[in-house]
Structure formats: structure tokens, C-alpha cells
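Visitor: I am new to this structure and would like a close look at a single part. Please take the salt bridges, and add whatever is needed to place them in the chain.

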Amino acid sequence: MRIEHIALWTQDLERFKRFYVAYFGATAGSGYVNPAKGFASCFLSFGDGARIEAMTTSTLSPVAIEAGAQRMGLTHFALSLGSEEAVDELTQRLKADGYPVLDGPRRTGDGYYESVVLDPDGNRVEITA
């Protein structure tokens, strides 16, 4: 058993795709559009098979929450880079490019080496070694 993908609403599908392609090496799929439902999506694939489905809608009103808010339910997801050096480098790159770094890089009590950043839609992303 494995998690097949997570799905995230975004107000700007192209901006969302650019972020995950540029900073995390995601590969963007061709996308899907259903004009009758006002829905568009694109799967972003990562090297080990993990995927994010980025979705936008013109007919629903997803509830917007404060960027980085700690909430019940999904509060963050983690992307592993494979080394502490890669975590340090990407964290500094994101910070230099104006993305909020909420924590780290640091070693957590449970042994992770991580930092926590916000993506363009305010989702918490843990960057781990």
C-alpha cells in the first residue's frame, strides 16, 4: 500500500506547476480540462512515483485559509531531497527567491533533517534529507 497522490487546489495552475518543476524537479503532465465543470488539473510527478494533482476550478469556491496555517486535516506534506546539503541549498534558494521559510533547516526530535517552507498557495512543504 502507498499513497498514490495528493490533490491541492490552486488559484493559478501555471504558477503552481512552475514552482514544483523549478524547485523540486517535478515533471508536469499534459493536463486535463473539463469546461462543463469549470475544472482543470495537472499531475506533477516526482522521481520515485509520488505525485501531486494540482487543480483549479471556476465553479466551486474552495475555502481559502491563511497561508501556512496549522489546521486540522492535511497540514503539510514532505518532499525528500536525499541529503542535508540539498536541504540547506534548496532552503537558501527558496528564501533568496522570496518564499517564506517557516523553520529550519534543523534536526527534529524524531531524527529528521528538515526545513519548512510555503509554496505559492501557502501550503506547508517540509523539505527533508
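Guide: What follows starts with the chain as a whole, goes through the salt bridges, and ends with two other residues.

The model is a predicted one. Its protein chain has two helices and nine strands. Read from the N terminus, these elements follow the order β-α-β-β-β-β-β-α-β-β-β. The chain is as compact as a globular protein of its length, because its radius of gyration of 15 Å is close to the 14 Å that the globule rule gives for 129 residues. Along the principal axes, the C-alpha trace spans about 50 × 35 × 30 Å.

Of the 129 residues, 34% count as buried. The surface that the chain exposes comes to about 7,700 Å², and carbon and sulfur atoms supply 52% of that area. Among contacts with a separation of 6 or more, 52% are made by residues 24 or more positions apart.

Now to the charges. The chain holds 12 positive and 17 negative charges, and the mean positions of the two groups are 5 Å apart. How many salt bridges does a search of the whole structure find? The search finds six.

One of these salt bridges is between arginine 51 and glutamate 4, with 3.0 Å between the closest N and O atoms. Arginine 51 is in strand E5, residues 51–57, while glutamate 4 is in the segment before strand E1, residues 6–9, so the bridge ties together parts that are 47 residues apart in sequence. Are the two partners buried, partly exposed or exposed? Arginine 51 has a relative accessibility of 25% and counts as partly exposed. Glutamate 4 is also partly exposed, at 35%.

Another salt bridge is formed by arginine 15 and aspartate 121, whose closest N and O atoms are 2.5 Å apart. This pair links distant parts of the chain, 106 residues apart. Arginine 15 belongs to helix H1, residues 13–24. Aspartate 121 is in the loop between strand E8 (113–118) and strand E9 (124–128). The relative accessibility of arginine 15 is 28%, which counts as partly exposed. Aspartate 121 is partly exposed as well, with a relative accessible area of 24%.

Glutamate 84 and arginine 107 meet through their side chains in a further salt bridge, at 2.1 Å from N to O. Glutamate 84 is in helix H2, residues 84–96, and arginine 107 is in strand E7, residues 101–107, so this bridge ties together parts 23 residues apart in sequence. Glutamate 84 counts as partly exposed at 31% relative accessibility, and arginine 107 counts as partly exposed at 46%.

There is also a network of salt bridges, which links Asp103, Arg106 and Glu114.

Strand E7 has another residue to look at, proline 105. What kind of peptide bond joins glycine 104 and proline 105? The bond is cis, with omega at about 5°. Proline 105 counts as partly exposed, its relative accessibility being 27%. Leaving out residues up to four places away in sequence, proline 105 touches Val87, Asp88, Thr91, Tyr113, Glu114 and Ser115. One of these, Glu114, is a member of the salt-bridge network. Proline 105 and arginine 51 are 54 residues apart along the chain, and their C-alpha atoms are separated by 24 Å.

The last stop is phenylalanine 77, which is in strand E6, residues 77–80. Is phenylalanine 77 buried or exposed? With a relative accessible area of 10%, phenylalanine 77 is buried; the cut-off for buried is under 20%. Apart from neighbours within four places in sequence, the contacts of phenylalanine 77 are Ile6, Leu8, Tyr20, Ile52, Asn123, Arg124, Val125 and Glu126. Between the C-alpha atoms of phenylalanine 77 and phenylalanine 16 there are 15 Å, and the two residues are 61 positions apart along the chain.

Terms used:
Residues are numbered from 1 along each chain as its sequence is written. This is a predicted model: local features need pLDDT of at least 70, side-chain atom pairs count only at pLDDT 80 or more; totals for chains, interfaces and linings use all residues. Side-chain values use heavy atoms; hydrogens and water are left out. Helices (H or I, at least four residues) and strands (E, at least two) are DSSP runs, numbered from the N terminus. The radius of gyration is taken over C-alpha atoms; the globule rule is 2.2 Å times the number of residues to the power 0.38. Buried means under 20% relative accessible area, exposed over 50%, partly exposed in between (1.4 Å probe, protein chains only). Contact means heavy atoms within 4.5 Å. Accessible areas come from the Shrake-Rupley method with a 1.4 Å probe; for residues, only the protein chains shown count as cover. Lys and Arg count as positive and Asp and Glu as negative; His and the chain ends are not counted. The place of a charge is taken as NZ of Lys, CZ of Arg, CG of Asp or CD of Glu. A salt bridge is a side-chain nitrogen of Lys or Arg within 4 Å of a carboxyl oxygen of Asp or Glu.
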